[in-house]
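Got the viewer open? Set it to cartoon, keep side chains ready to switch on, and follow along stop by stop.

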Amino acid sequence: MIIRIGKAKDNDFIVGDPHVSRHHARLIREQDGALTLEDLGSTNGTYVNGAQIVKKRITFADKVVLGNSYPLDIGQALHAGNDYSDQFLLLKEVYARYIEQKVKIQSSNQFKTRLFQTLPFAIPGVIGLYIGIAGKGSPVLLGVSLLITICIPVTGIFLAARQSSKIPQQLQDISNQFKIDYVCPKCGTFLGEIPWESLAKRHQCPSCKAGWVRAN
């Protein structure tokens, strides 16, 4: 991708500075994402970190000046070419984190629910058997044994139901945050629960057509 920079209206990135030439420079993004800045024979020159250049590989950390004093924002220049690939790349981690949290909530709650459902049924049997043997048919101990046998499973069922009721809210919370974070970096449209890899294959936002040129 090539971004043409200068004062003329036919440039991709138009600079309204008297010391910048009509067709001053061009910014080239290679297939691997590397950036090259090339001066197009401008009157006042192009500078990278204080040194005048004709053609040079640059990074976002470099300080670029056109002419005598115009500071070039590399990110803004790339956006002029509808390139939002750097921002789109960050969404990969957003999607991965969302899926990880979703799976964690579901598996954790399923484990706790099953724990509450099963242990209360196993424990009273053991306790009841012990009390029955220890009491040798005592009505009082038999009553205690029956009470334990009834109360603990009921408590377990209650706790299991309570644990299960937490899942929808927890999932809703992470879903709400996901809808805020997983959006087109240009137009802010929520991209749905479509996997990042699937979006990358489309190469652009389905709404505003912002380019994701490095997403393949």
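**First stop: a charge without a partner**

Select D17: this residue is buried but makes no salt bridge, and the nearest side chain of opposite charge, K7, sits 7.3 Å away. Keep in mind that you are looking at a predicted model. D17 belongs to the loop between strand 2 (13–14) and strand 3. Leaving aside residues up to four places away in sequence, D17 touches K7 and Y70, so show those two side chains as well.

**Zoom out: the whole chain**

Now colour by secondary structure. You should find four helices and nine strands. Follow the cartoon from the N terminus and the order reads β-β-β-β-β-β-β-β-β-α-α-α-α. Of the 216 residues, 35% count as buried. Switch on the surface if you like: about 12800 Å² is exposed, with carbon and sulfur atoms supplying 59% of it. As for contacts in the chain with a separation of 6 or more, 44% come from residues 24 or more positions apart.

**Next: the four-stranded sheet**

Which strands make up the open sheet, and in what order? Select strands 6, 5, 8 and 9: that is their order across the sheet, and the pairing is antiparallel. Strand 6 (51–53) and strand 9 (70–72) are the edges; each has a single partner strand, so one side of each is left without a neighbour in the sheet. Look along the sheet and you can follow the twist, which averages 40 degrees from one strand to the next.

Stay at the strand 9 edge. Strand 8 (residues 64–66) and strand 9 run antiparallel and are joined by three bridges. Pick V65 and look across to strand 9: P71 stands opposite.

**Then: the salt bridges**

The count for this model is five salt bridges. Here are some to visit.

*E38 and R26.* Select both side chains; they meet in a salt bridge at 2.7 Å, N to O. E38 lies in strand 4 (residues 35–39) and R26 in strand 3 (residues 25–29), so this pair ties together parts that are 12 residues apart in sequence. Is each of them buried or exposed? E38 is buried, at a relative accessible area of 16%, while R26 is partly exposed, at 27%.

*R29 and D83.* Move along strand 3 to R29. R29 makes a salt bridge with D83, and the closest N and O atoms are 2.3 Å apart. This pair links distant parts of the chain: R29 is in strand 3, whereas D83 is in the loop between helix 1 (74–80) and helix 2 (85–135), 54 residues apart. Both R29 and D83 are buried. Add D86 to your selection too, since R29, D83 and D86 are linked in a network of salt bridges.

*E193 and K102.* For the last stop, go to the helices. The side chains of E193 and K102 meet in a salt bridge, 3.6 Å from N to O. E193 lies in the loop between helix 3 (139–181) and helix 4 (196–202) and K102 in helix 2, so the pair ties together parts that are 91 residues apart in sequence. E193 is partly exposed, with a relative accessible area of 43%, and K102 is partly exposed as well, at 25%.

To finish, put D17 and R29 on screen together: D17 is buried and has no salt bridge, while R29 is buried and has a salt bridge with D83.

Terms used:
Residues are numbered from 1 along each chain as its sequence is written. This is a predicted model: local features need pLDDT of at least 70, side-chain atom pairs count only at pLDDT 80 or more; totals for chains, interfaces and linings use all residues. Side-chain values use heavy atoms; hydrogens and water are left out. Two strands pair if DSSP finds at least two bridges between them. Helices (H or I, at least four residues) and strands (E, at least two) are DSSP runs, numbered from the N terminus. Axes are lines fitted to C-alpha atoms, for helices over the stretch in contact, and angles run from 0 to 180 degrees between N-to-C directions. A salt bridge is a side-chain nitrogen of Lys or Arg within 4 Å of a carboxyl oxygen of Asp or Glu. Buried means under 20% relative accessible area, exposed over 50%, partly exposed in between (1.4 Å probe, protein chains only). Lys and Arg count as positive and Asp and Glu as negative; His and the chain ends are not counted. Contact means heavy atoms within 4.5 Å. Accessible areas come from the Shrake-Rupley method with a 1.4 Å probe; for residues, only the protein chains shown count as cover.
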